[in-house]
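I opened this notebook page to record what I looked up in the structure, entry by entry.

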Amino acid sequence: MKISKRPYLTIAVIFIIIALSVAACGGNTVQEPEQQVEAPEQTAPPTPEPEPEPEPEPEPDEVELIVFAAASMTDTLEEVAGLYKEVASHVTQVFNFDSSGTLKTQIEEGAECDLFISAAQRQMNELEELGSLLGGTRVNILENKVALVSAPGNPKNITDFDSLVDALLGGDILMAMGNSDVPVGQYTISILEYFELDEEALAKSGVITYGSNVKEVTTQVSEASVDVGIVYQTDAFSAGLDILDFATPEMCGQVIYPAAVLATGTNTEEAQAFLEYLFTPEAMAVFEGVGFTAIS
């Protein structure tokens with residue numbers, strides 16, 4: 001039996017056609033381009049909004065602070081007031097300098113006053129008893145000394161209180177002292193009593209003259225209207241007088257300067273602030289520069 005080759009050829013042809021078709025399809029495959037992933041855009045952080053500027057504090061009202069002070073503090077307090085302007089430029093001190101006794105009387109009679117500085121405790125005690133002081137504000141500021149001073153050239157050659165006593169008893173001298181209602185006069189009376197001298201008798205004999213405050217006594221000595229005088233060492237320093245001797249605490253006690261805010265004052269807060277400033281190193285340097293001593 002003879003087998004025909006034709007079917008085999010047909011199958012082979014079919015395989016060839018299929019192979020060629022597959023190759024053609026494979027060659028025509030289109031490769032899609034790879035997609036590039038873009039990096040996210042970098043954005044700047046948001047700019048913070050500027051904070052609103054604080055509103056300027058309102059300027060404080062101008063204040064006239066009325067200060068009654070012992071005459072012996074005239075020069076120093078005026079200098080301290082100048083320094084205080086750098087701390088409180090809106091405050092202007094209006095000073096009334098006189099004897100502590102005179103100032104006390106003016107306050108009792110209703111004079112307007114914010115701050116009182118006395119050269120002795122007695123006047124402050126009397127005002128406190130009347131209820132004139134603002135509670136809790138009374139304080140001791142400074143200590144002074146009572147000094148025997150001479151006119152220029154020391155015409156009577158006085159050396160100390162002992163030689164003064166001899167000259168007073170001998171009637172060959174003229175001494176200036178404060179009135180009995182002012183602290184420097186009260187201290188002088190204590191000194192005379194310590195030496196068992198009669199002030200009234202001495203005054204009648206013409207060896208004593210008086211001043212209404214320590215500045216008047218100091219002026220009498222500086223102008224040589226008298227031979228000697230009894231003043232505070234601070235006034236002697238300011239006037240350039242020669243100090244012959246100092247009174248001891250046994251002779252007249254301590255010379256303490258108290259201060260207090262007045263209950264009737266209209267500027268109590270400013271008065272308290274200025275009083276506190278008197279204890280600062282800047283103010284104390286002024287006081288100590290003329291002989292005052294800080295109260296520890």
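The entries below go from the whole chain to two helix pairs and then to the aromatic rings.

Entry 1, the chain as a whole. I note at the outset that I am working with a predicted model. I looked up the secondary structure and found 12 helices and 11 strands in the protein chain. I then checked burial, and 42% of the 296 residues count as buried. For the contacts in the chain with a separation of 6 or more, I noted that 77% come from residues 24 or more positions apart.

Entry 2, helices α2 and α12. I looked up how helix α2 (residues 74–84) lies against helix α12 (residues 281–288), and their axes come within 9 Å and cross at roughly 155°. Angles over 145 degrees count as roughly antiparallel, and α2 and α12 are therefore roughly antiparallel to each other. I recorded the crossing of α2 and α12 as right-handed. On the α2 side I listed Thr76, Leu77, Glu79, Val80 and Leu83, which meet Glu282, Ala283, Val286 and Phe287 of α12. Sorted by class, this contact of α2 with α12 holds six nonpolar residues, one polar residue and two charged residues.

Entry 3, helices α3 and α4. I made the same kind of check for helix α3 (residues 100–108) and helix α4 (residues 121–129), whose axes come within 9 Å and cross at roughly 10°. That angle makes α3 roughly parallel to α4, and I noted that the crossing of α3 with α4 is right-handed. The residues that I found meeting here are Ser100, Gly101, Lys104, Ile107 and Glu108 from α3, with Gln123, Glu126 and Leu127 from α4. By class, the contact of α3 with α4 divides into two nonpolar, three polar and three charged residues.

Entry 4, aromatic rings. I searched the whole structure for aromatic pairs and obtained nine. One of them joins tyrosine 187 and tyrosine 232 in an edge-to-face arrangement, with 6.3 Å from centre to centre and 75° between the planes. Because tyrosine 187 lies in helix α6 (residues 183–194) and tyrosine 232 in strand β8 (residues 228–232), the pair ties together parts that are 45 residues apart in sequence. I looked up the accessibility of each partner: tyrosine 187 is buried, with a relative accessible area of 9%, and tyrosine 232 also counts as buried, at 2% relative accessibility. Following the ring pairs onward, I recorded a cluster that links Tyr187, Tyr232, Tyr257, Phe287 and Phe292. I add a cross-reference to Entry 2, where Phe287 appears among the α12 residues that meet α2.

Key:
Residues are numbered from 1 along each chain as its sequence is written. This is a predicted model: local features need pLDDT of at least 70, side-chain atom pairs count only at pLDDT 80 or more; totals for chains, interfaces and linings use all residues. Side-chain values use heavy atoms; hydrogens and water are left out. Axes are lines fitted to C-alpha atoms, for helices over the stretch in contact, and angles run from 0 to 180 degrees between N-to-C directions. Helices (H or I, at least four residues) and strands (E, at least two) are DSSP runs, numbered from the N terminus. Angles under 35 degrees count as roughly parallel, over 145 as roughly antiparallel, 65 to 115 as roughly perpendicular and the rest as oblique. A crossing is left-handed if the near helix is turned anticlockwise from the far one by less than a right angle, and right-handed if clockwise. Contact means heavy atoms within 4.5 Å. Ala, Val, Leu, Ile, Met, Phe, Trp, Tyr, Cys and Pro count as nonpolar, Asp, Glu, Lys and Arg as charged, and the others, Gly among them, as polar. Rings of Phe, Tyr and Trp (its six-membered ring) pair if their centres lie within 6.5 Å; planes under 30 degrees apart count as stacked, over 60 as edge-to-face and the rest as tilted. Buried means under 20% relative accessible area, exposed over 50%, partly exposed in between (1.4 Å probe, protein chains only).
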